[in-house]
Amino acid sequence: MECCQCGTCCVAPDISSLGKPPGVRCRHLGEDQRCLEYGNRPEVCRGYRPDELCRRISAPTLEERVARYRALFDL
Ligand code: SF4
Ligand code: SF4
């Protein structure tokens, strides 16, 4: 599956290595939904790959995508 760079995976989940709670935008996520620390991103980000989940959370806005992601994982 192709990543559409929606930014949801940098907002919706908690990322302990970044001290990021669920639903909070990562401090490294740029306005254009691209990682500003791409070369220094943590392992968990490096290992993340787009999959069926990205299609399941499909929605017109980032806020809606994040809400769908959080609902799926009960976050
Ligand atoms: S949620 Fe999926 S499509 Fe959106 S940025 Fe992350 S990997 Fe890419
Ligand atoms: S470090 Fe970069 S890739 Fe990882 S969650 Fe933050 S913005 Fe996304």
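## Burial and the loop at serine 58

A residue counts as partly exposed when its C-beta atom falls between the two cut-offs, buried at 20 or more other C-beta atoms within 10 Å and exposed at 12 or fewer. Serine 58 has 13 C-beta neighbours inside 10 Å, so it lands in the partly exposed class. You'll find serine 58 in the loop that links α2 (52-56) to α3 (62-73). Arginine 34 is 24 residues away from serine 58 along the chain, and their C-alpha atoms are separated by 18 Å.

Bear in mind that this is a predicted model.

## Overall build

What does the chain use for secondary structure? It has three helices and zero strands, and the order from the N terminus is simply α-α-α.

On to dimensions. The C-alpha atoms fill a box of roughly 30 × 25 × 20 Å along the principal axes. For 75 residues, a compact globule would come out with a radius of gyration near 11 Å, and the chain's 12 Å agrees with that. Buried residues account for 15% of the 75 residues. As for the contacts with a separation of 6 or more, 58% of them join residues 24 or more positions apart.

## Around ligand 1

Which residues surround ligand 1? Going up the sequence, they are Cys3, Cys4, Gln5, Cys6, Gly7, Thr8, Cys9, Pro50 and Cys54. Sorted by class, that shell holds six nonpolar and three polar residues, with no charged ones.

One member of this shell is glutamine 5, and its backbone is worth a look. Phi of glutamine 5 is near 55°, which is a positive value in a residue other than glycine. Glutamine 5 sits in the segment before α1. With 13 other C-beta atoms within 10 Å, glutamine 5 is partly exposed.

## Around ligand 2

Ligand 2 has its own set of neighbours: Cys10, Ile15, Cys26, His28, Leu29, Cys35, Glu37, Arg41 and Cys45. How does this shell divide by class? There are six nonpolar residues, one polar and two charged.

Cysteine 10 ties several of these residues together. Setting aside its neighbours within four places in sequence, cysteine 10 is in contact with Cys26, Leu29 and Cys35, and those three also appear in the list around ligand 2.

## The nonpolar core

The largest nonpolar core takes in seven residues: Cys9, Cys10, Val11, Ala12, Ile57, Val66 and Tyr69. Two of its members turn up again beside the ligands. Cys9 is among the residues around ligand 1, and Cys10 is among those around ligand 2.

## Two more spots before α1

Glutamine 33 also lies in the segment before α1. Phi of glutamine 33 is near 65°, again a positive value in a residue other than glycine. Buried, exposed or in between? With 15 C-beta neighbours inside 10 Å, glutamine 33 counts as partly exposed.

Tyrosine 38 is found in the segment before α1 (43-46) too. Here the count is 11 other C-beta atoms within 10 Å, so tyrosine 38 is exposed. How far is tyrosine 38 from glutamate 63 in space, C-alpha to C-alpha? The two are 22 Å apart, with their positions 25 residues apart in sequence counted as a separation.

Terms used. Residues numbered from 1 in each chain as written. Chains lettered and ligands numbered in written order. Predicted model: local features only at pLDDT ≥ 70, side-chain atom pairs only at ≥ 80, totals over all residues. Near = placed C-beta within 6 Å. Nonpolar A, V, L, I, M, F, W, Y, C, P; charged D, E, K, R; others polar. Core = buried A, V, L, I, M, F, W, Y, C linked by C-beta atoms within 7 Å. Contact = placed C-beta atoms within 7 Å. Helix = DSSP H or I, 4+ residues; strand = E, 2+ residues; numbered from the N terminus. Rg over C-alpha atoms; globule rule 2.2 N^0.38 Å.
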